[in-house]
4 protein chains.
Amino acid sequence: MKRRLVVAVIGAGEAPRAVCKLAIALGREIARRGAVLLNGGRAGVMESAAAGARKEGGHTIGILPGHDRRDANRHIEFAIATGIGEARNAVIVASADAVIALAGEGGTLAEIGFAKKFGKPIVALDSWPEIGGLRRAGSPVDAVALALRLAKSSSRRRK
Amino acid sequence: MKRRLVVAVIGAGEAPRAVCKLAIALGREIARRGAVLLNGGRAGVMESAAAGARKEGGHTIGILPGHDRRDANRHIEFAIATGIGEARNAVIVASADAVIALAGEGGTLAEIGFAKKFGKPIVALDSWPEIGGLRRAGSPVDAVALALRLAKSSSRRRK
Amino acid sequence: MKRRLVVAVIGAGEAPRAVCKLAIALGREIARRGAVLLNGGRAGVMESAAAGARKEGGHTIGILPGHDRRDANRHIEFAIATGIGEARNAVIVASADAVIALAGEGGTLAEIGFAKKFGKPIVALDSWPEIGGLRRAGSPVDAVALALRLAKSSSRRRK
Amino acid sequence: MKRRLVVAVIGAGEAPRAVCKLAIALGREIARRGAVLLNGGRAGVMESAAAGARKEGGHTIGILPGHDRRDANRHIEFAIATGIGEARNAVIVASADAVIALAGEGGTLAEIGFAKKFGKPIVALDSWPEIGGLRRAGSPVDAVALALRLAKSSSRRRK
């Protein structure tokens with residue numbers, strides 16, 4: 001079985017409407033392109049991205065901090081209840097082929113740090129101008145296209 | 001979205017053929033009943049159970065110890081690369097509604113311990129006679145039926 | 001700096017008085033022998049063993065499940081707030097040179113499983129007769145002597 | 001027993017000499033002030049800070065990514081072998097009362113993200129000008145004084 005590419009969308013658990021709209025668009029585009037959406041499984045950016053992906057029939061995976069799968073938002077198809085708290089941010093990044101970052105706070109920053117550490121491609125969309133070494137995209141469609149292209153070439157390098 | 005029930009099949013990474021045959025039968029039955037198979041994503045019991053589930057078109061999730069999703073066996077549809085080593089055994093148990101145990105070693109014993117700690121239903125099949133407090137089944141079909149019944153009544157209790 | 005040997009004492013968080021007395025005696029003996037006591041940092045066996053070790057001026061380390069170091073019992077000198085929940089049981093075992101097991105429940109069983117998985121020496125004291133492959137001791141003094149001897153020879157083998 | 005304050009010094013595992021000199025000075029000052037030095041237990045900033053603290057007779061704790069305590073640098077008195085890989089960065093931050101950041105890369109950035117998430121005081125010394133919301137210090141002595149003051153007032157608030 002050829003496994004589908006996995007794209008993590010990271011960002012604030014409490015996000016303004018404009019950021020959530022970007023997240024929905026990212027989720028839709030990830031699903032349209034046949035990739036799996038993965039994230040932290042909770043509210044805000046995580047819920048919006050999952051909702052978008054499900055609208056297009058895509059698979060969604062949520063990596064939760066707690067023990068209870070019922071804490072996942074209702075657009076998460078497969079809820080992993082890690083029980084390891086915020087350390088689950090490392091799991092989100094390690095399990096993705098590429099990461100797309102929206103505006104966020106400390107948790108998102110930790111995920112960006114892990115993506116750098118693990119050498120995962122990161123695409124920032126309207127966010128994190130202060131952090132160097134990220135790729136930038138101007139729209140959700142461009143962000144997903146860039147993330148998938150980087151994911152493919154980085155997985156080719158590892159072979 | 002109503003989330004499907006998730007059943008973890010646990011057991012040795014290097015297992016004799018008879019145990020692997022039980023694992024295949026468990027995987028098939030879990031998929032036939034519409035549940036998701038979850039396990040540690042590697043070889044032995046984990047590979048056999050996933051192969052069985054895929055044969056029936058079921059979903060399979062592997063919770064890997066390392067950072068590289070390519071370490072998952074080829075029957076794992078969704079590979080979570082936790083990078084947290086053997087501590088991922090706690091994640092496997094926490095993410096399942098019920099656990100079915102086959103013969104195994106230390107890692108399987110750790111998972112049984114966590115299932116007791118987390119109050120998850122555990123069904124032992126031809127295994128672990130020395131451990132008290134487990135439910136017993138005489139065949140793969142019975143084991144899955146019992147696991148799903150216990151999972152449903154335990155999730156009802158939590159509501 | 002030559003690092004001291006570390007002995008984990010594992011057992012129930014809610015333990016009867018007789019088991020706590022064994023834990024105190026184990027803690028005292030570990031400290032007298034110049035080793036460090038490590039455990040889960042909470043109540044019951046964990047608190048008693050730490051109290052014993054501190055009475056003899058030994059060092060005590062508690063590996064907590066939560067984020068708050070103030071959850072450690074008052075005999076823990078160095079409290080590690082892992083925030084990774086019960087998965088911290090793997091950390092307790094990985095960080096010890098040898099494990100001494102008293103009576104316990106699921107969490108203790110998970111730790112015994114990890115000790116087997118990691119190849120750490122395990123000495124059972126008045127406990128776990130149903131689990132094969134453990135070493136047995138008849139008294140706290142004997143248990144500590146055996147644990148330290150096994151720890152030394154196992155660390156010699158790894159060199 | 002009143003537990004000592006714990007200060008984490010974070011920064012690059014491969015650091016230029018000037019950064020290592022700052023780390024040594026931080027370690028010395030942390031020990032002189034009676035606090036415990038905690039970090040990731042490996043090379044670079046981690047080794048230098050631990051060396052400084054030991055020179056002044058302070059306690060040092062290393063939270064290692066791997067399973068083997070012998071991977072700790074030789075100035076680590078208490079080595080915790082988490083086995084949870086880079087997710088251990090969350091444990092480092094959660095276990096400290098305050099964090100002092102030197103120059104670093106992705107791993108350090110992840111720790112800064114967790115410190116923000118967990119509401120831990122962070123003092124940056126000659127580093128991370130691009131990250132908002134950190135406190136700044138002009139010298140190792142000032143950094144430690146500020147970190148301890150923030151740690152005390154934040155632990156007072158939690159009571």
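The following exercises, each with a worked solution, concern the chain contacts and aromatic pairs of a predicted model.

**Exercise 1. Describe the contact of chain B with chain A by its residues, its buried area and its polar links.**

Step 1. Chain B contributes 34 residues and chain A contributes 34 residues to the contact.

Step 2. The two chains bury about 2,700 Å² between them, and 55% of this lies on carbon and sulfur atoms.

Step 3. Between chain B and chain A there are two salt bridges. In a salt bridge between B:Arg69 and A:Asp97, the N to O distance is 2.2 Å. The count of residue pairs in polar contact, both at pLDDT 80 or more, is twelve.

Step 4. On the side of chain B that touches chain A, the elements giving two or more residues are strand E2 (36–39), strand E3 (60–64), strand E4 (78–81), helix H3 (88–94) and helix H5 (140–158). The largest share, four residues, comes from E4(B).

Step 5. By residue class, this side of chain B divides into 17 nonpolar, seven polar and ten charged.

**Exercise 2. Determine what chain A and chain C bury between them, and which three residues of chain A supply most of its share.**

Step 1. The buried area is about 280 Å², of which 67% is on carbon and sulfur atoms. Four residues of chain A and four residues of chain C take part in the contact.

Step 2. A:His67, A:Gly83 and A:Ile84 supply 69% of the area that chain A buries against chain C, more than any other three residues.

Step 3. Zero salt bridges are counted between chain A and chain C, and zero residue pairs in polar contact are found across their interface (both at pLDDT 80 or more). The side of chain A that touches chain C has two nonpolar, two polar and no charged residues.

**Exercise 3. Establish how chain A and chain C are related by rotation.**

Step 1. A turn of 180 degrees with a shift of 0.0 Å along the axis lays chain A on chain C with an RMSD of 0.0 Å.

Step 2. The two copies are therefore related as by a two-fold rotation axis.

Step 3. Among the residues of chain A, A:Ile84 comes closest to the rotation axis, its C-alpha being at 1.8 Å. The same surface serves both copies, as 100% of the contact residues of chain A recur in chain C.

**Exercise 4. Classify the ring pair of B:Phe114 and B:Phe118.**

Step 1. The whole structure holds eight aromatic pairs over all chains.

Step 2. For B:Phe114 and B:Phe118, the ring centres are 5.7 Å apart and the planes are at 20 degrees, so the pair is stacked.

Step 3. Both residues lie in helix H4 (residues 106–118) of chain B; because they are four residues apart there, about one helical turn separates them.

Methods:
Residues numbered from 1 in each chain as written. Chains lettered and ligands numbered in written order. Predicted model: local features only at pLDDT ≥ 70, side-chain atom pairs only at ≥ 80, totals over all residues. Heavy atoms only, no water. Contact = heavy atoms within 4.5 Å. Buried area = accessible area lost by both parts, 1.4 Å probe. Salt bridge = Lys/Arg side-chain N within 4 Å of Asp/Glu carboxyl O. Polar contact = N/O pair within 3.5 Å; in protein donor to acceptor, adjacent residues only side chain to side chain. Nonpolar A, V, L, I, M, F, W, Y, C, P; charged D, E, K, R; others polar. Least-squares fit on C-alpha atoms with pLDDT ≥ 70 in both. Phe/Tyr/Trp six-rings, centres within 6.5 Å; stacked < 30°, edge-to-face > 60°.
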